[in-house]
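Open the model in a viewer and keep a selection box at hand. The stops below go from one residue to the next, with a short note on what is there.

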Amino acid sequence: MFSRIVTTQREALPDGARGTARTLGVMAAAVRGEIAPNYAGYLDERIRRAALSICSTVRGHHHGSEIAALLAFCRDSIIYRLDPVQTERVQDPLTTLEVRSGDCDDKCVLLAALVAALGHLPRFVAQFNGTEFDHVYCEVFHGGEWLALDPTADGNNGLALAGVGWRNPAHSEWIYRIF
């Protein structure tokens, strides 16, 4: 039996805002399908089929319900797992779908790819707690406004159970466009 060879790229991550910007850039590249080993972004048919399957009970033209179903899937079906010690690891969306786990950036990459695969415009929002950037979530443009989608607020371990539009309060936020 052969196992798939997974390649990773390692680099020193700058401190502070430069490191956050680099991570967000890699996340956006993963959504667009520019990250090895799978190069499976929002245009990959496996991502689109997953999005269609997740939304299979949503009626046509109910775009808000599609967005809610995709958020619920990433929030509830992808287990939150930390990155290795002193490492910021970004998974491509197909890997996160396959292993069904990841941290906030992995869950957001998957969610952004799924919503984009169904024609919704996503972006990332990095949250600053006054000392450092410590969280990221997605937003999607719908109904003329940007709606927060936080797939890590899963109701576990004292966290809120997030729905569409819920966001964790932060000292400040940094918006990062994917497209």
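Begin by selecting C74. With a relative accessibility of 0%, C74 is buried. Keep in mind throughout that this is a predicted model.

**The cysteines**

Stay on C74 and ask how many disulfides the structure holds. The count is zero. C74 is accordingly in no disulfide, and its nearest cysteine sulfur belongs to C138, 7.9 Å away.

Next select C108 and show its side chain together with that of C138. Why is there no bond between the sulfurs of C108 and C138? The two sulfur atoms are 3.9 Å apart, which is too far for a bond, since a disulfide calls for sulfurs within 2.5 Å. C138 holds the closest cysteine sulfur to that of C108. C108 is buried as well, at a relative accessible area of 0%.

**The sheet**

Switch to cartoon view and colour strands 3 to 6. Four strands make an open sheet with antiparallel pairing, in the order 5-4-3-6. Go to the edges: strand 5 (145–149) and strand 6 (172–177) each have a single partner strand, so one side of each has no neighbour in the sheet. On average, neighbouring strands are turned by 35 degrees against each other, direction ignored.

Now select strand 3 (residues 121–128) with strand 4 (residues 133–142). Eight bridges pair them in the antiparallel sense. Two positions are worth labelling: F128 stands opposite F133 of strand 4, and F124 has C138 in strand 4 as its bridge partner. C138 is thus a residue to revisit, being the one whose sulfur is the closest cysteine sulfur to that of C108.

Follow the chain through the turn. Strands 3 and 4 form a hairpin with four residues between them, and G130 in the turn has a positive phi of about 105 degrees.

Move on to strand 5. Strand 4 and strand 5 run antiparallel and are joined by five bridges. V140 stands opposite L147 in strand 5. This is again a hairpin, with two residues between the strands; G143 in the turn has a positive phi of about 60 degrees.

**Helices on the sheet**

Keep the strands in view and add the helices. Which strands does helix 5 (residues 104–117) touch? Helix 5 packs on the sheet against strand 3, strand 4 and strand 5, and its direction makes about 10 degrees with that of strand 4. Helix 1 (residues 16–32) also packs on the sheet, touching strand 3, strand 4 and strand 6. The direction of helix 1 makes about 40 degrees with that of strand 6.

**Aromatic rings**

Show the side chains of F128, F133 and W174. These three form one aromatic cluster. Across the whole structure, a search finds four aromatic pairs.

Then select R123 and W146. R123 lies over the face of W146, 3.8 Å from the ring centre.

**Last stop: S101**

Select S101, in strand 2 (residues 101–102). Is S101 buried or exposed? Its relative accessible area is 17%, so S101 counts as buried. To see what surrounds S101, add I78, I79, R81, Q91 and T96, its contacts once neighbours within four places in sequence are left aside.

Definitions and conventions. Residues are numbered from 1 along each chain as its sequence is written. This is a predicted model: local features need pLDDT of at least 70, side-chain atom pairs count only at pLDDT 80 or more; totals for chains, interfaces and linings use all residues. Side-chain values use heavy atoms; hydrogens and water are left out. Rings of Phe, Tyr and Trp (its six-membered ring) pair if their centres lie within 6.5 Å; planes under 30 degrees apart count as stacked, over 60 as edge-to-face and the rest as tilted. A charge sits over a ring if NZ of Lys or CZ of Arg is within 6 Å of the ring centre and within 35 degrees of the ring normal. Buried means under 20% relative accessible area, exposed over 50%, partly exposed in between (1.4 Å probe, protein chains only). Contact means heavy atoms within 4.5 Å. Two strands pair if DSSP finds at least two bridges between them. Axes are lines fitted to C-alpha atoms, for helices over the stretch in contact, and angles run from 0 to 180 degrees between N-to-C directions.
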